[in-house]
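This report sets out selected features of one structure, arranged by theme. The sequence and the coordinates are shown first, and the description follows.

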Amino acid sequence: MPDSRTLDEFISHLYRSATRIPPNQYREWALEQLSRVIDFDAAFWGTGNEANINFHYVTQVGLDKQYAKRLKATMEINPIRDAVINNLGKPVDMSEVIDDKAFFQSPLYKKLFQPYGIKRILASGHLDGKNGLYTLLSLYRFDREHVFTEQERELQQHLIFHLVSAVSHAFFLHLRVGDELQQTVDQATSAICDQQGCFHEVQPRFVALLNEHFPERGTTLPFPLPKLSANESKTIDVGQLAVSLKPMGELIIVSLRPLGPLDQLSKREQEIVEFICKGLSFKEVAKSLSLAPSTVSNHLYRVYDKLGISSRTELAQLVSGQKNEA
C-alpha cells in the first residue's frame, strides 16, 4: 500500500494537473493515475443525479461502448447494487455479496461480466446529498486469483472523494478560462443543469448560496428554468438572487449571485457605470455608446440619485464592494 506521502502526492497531482488536461479527457486520465496506486484491468466511472437513474457522464477503461448499456440492462439482477447504495463511500467486493460458485454460474456473470473477462469487482458509490450527484466507481480484474485486498479497499474509499472533487474542479477551471463564463465568473458561482434542474456539475459555493436562500429545497434547482434558444442568454431575478442562464448544448450554465444596489439600474445605466468605473470621460463614454455627452451626464446623475451617492469615487467603491460580496 502506498505510504501517506505518496497518497498526498497523488491527490495533489489530481488537482494540479487540472489546467493541462482537457476536461473531456480528465476522467480517463484520472483513472490511469488511479491504476498506479490500485492495480486493475478495467474500470467504470459513471456520474448521474439521484433524481434520474441514468448516468450523464460515463468513462470506461478496458471496456467497450456497449458495457454501460449492459450494466444498465442487468442492474435489477445485480446483487452488488443495493450493497453499494446502502454503504455509500465504502467499497463493496462482489465476493462479499455472492459467493464465487453462485456468481460464476449466475445470469448476471454470463450476461455482463463474462464477455469482458471480468472475474473480480470492487465497487463504491458516492452521493453528495446537497446536490444529488451520484458517482459509481467500479474496478475490475480479469484474474480470478487476483483478489482485492483490504488495503486496496481502504485506498478506494479514501480516494473516491478526491476523484469526484478533482473532476468537478477541472471542469469549472476550464469553463472559467474559456468563453462560457467570461461574463459571470467574477460576480457569480455556477452549475451545469439540464432543463429539469438536475445538476450535472456544480460548484460548492453555488450549493451554499442556494441553501442560504432556499433552505427547504431538495437536490435539484428550487425554481423552473425558462426555455432558451441555442444562442440565447438571459438573466432573471429569483427572490434575492440574480440568475444568469446560458445554453451549453443540451445543458444550461446557471450562475447565481446575490442582488445588490447596482441591480436596480437600467441596462443603459449599468453600461455607463461600467465605462465610468474604467476611468473613461463623459466624451469617451458617449463615443463608445453613440450618445451625446449630456445624455451620459444625465444618466449618471440618475444613477447617483438611485444609489444615494455623489461622486465617481463612491460609485467605484460601491461597484468594487458588490463584486467582492458576490
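## An exposed serine with positive phi

In this predicted model, S290 is exposed, with a relative accessible area of 68%. S290 occupies the loop between α11 (282–289) and α12. Its backbone is notable: S290 is not a glycine, yet its phi is positive, at about 55 degrees. Most residues other than glycine have a negative phi.

L289 belongs to helix α11. L289 is buried, and its relative accessible area is 14%. Computed along the sequence rather than in space, L289 and E271 are 18 residues apart, while their C-alpha atoms lie 8.5 Å from each other.

## Salt bridges

How many salt bridges does a search of the whole structure find? The search returns 12. Side chains of opposite charge can pair when their charged atoms come close.

One of the salt bridges joins K306 to E269, with 2.8 Å between the closest N and O atoms. K306 is in helix α12 (residues 293–307) and E269 is in helix α10 (residues 267–277), so this pair ties together parts that are 37 residues apart in sequence. The two partners may be described by their accessibility: K306 is partly exposed at 36%, whereas E269 is buried at 4%.

## A pair within helix α8 and a network of three residues

E150 and R153 also form a salt bridge through their side chains, with an N to O distance of 3.5 Å. Both residues lie in helix α8, and they are separated by about one helical turn because they are 3 residues apart. E150 is partly exposed, with a relative accessibility of 48%. R153, at 16%, counts as buried, since the cut-off for that class is under 20% relative accessible area.

A further salt bridge links D82 and R81, whose closest N and O atoms are 3.5 Å apart. D82 is partly exposed at 42% relative accessibility, and R81 is partly exposed as well, with a relative accessible area of 24%. Which residues are joined into one network by salt bridges that share partners? The network consists of E76, R81 and D82.

## A negative patch and the loop before α8

D39, D41, D143 and E145 form a negative surface patch. Within this group, E145 is located in the loop between β5 (133–141) and α8 (150–177). Is E145 buried or exposed? E145 is exposed, and its relative accessible area is 66%.

T149 is also placed in the loop between β5 and α8. T149 is partly exposed, with a relative accessible area of 35%. Although T149 and I38 are 111 residues apart in sequence, the distance between their C-alpha atoms is 9.9 Å.

## Helix α2

Helix α2 covers residues 23–34 and contains 12 residues. What span should this helix have at 1.5 Å a residue? The expected value is 16 Å, and the C-alpha atoms at the two ends are 17 Å apart, which agrees.

The buried residues of α2 are Y26, R27, W29, A30, L31, Q33 and L34. This list includes the charged residue R27.

## Separations across the model

Two residue pairs illustrate separations on another scale. V319, in helix α13 (residues 312–325), is buried at 14% relative accessibility. V319 and E96 are 223 residues apart in sequence, and 59 Å lies between their C-alpha atoms.

Q270 is located in helix α10 and is partly exposed, with a relative accessible area of 35%. Q270 and P79 are 191 residues apart along the chain, and their C-alpha atoms are separated by 59 Å.

How values were computed:
Residues numbered from 1 in each chain as written. Predicted model: local features only at pLDDT ≥ 70, side-chain atom pairs only at ≥ 80, totals over all residues. Heavy atoms only, no water. Patch = residues over 30% accessible without salt bridge, like charges linked within 9 Å, V, L, I, M, F, W, Y side chains within 5 Å. Areas by Shrake-Rupley, 256 points an atom, 1.4 Å probe, with all protein chains shown as cover. Salt bridge = Lys/Arg side-chain N within 4 Å of Asp/Glu carboxyl O. Charge placed at Lys NZ, Arg CZ, Asp CG, Glu CD. Helix = DSSP H or I, 4+ residues; strand = E, 2+ residues; numbered from the N terminus. Buried < 20%, exposed > 50% of the residue type's maximum accessible area, 1.4 Å probe, protein only. Expected span 1.5 Å × (residues − 1).
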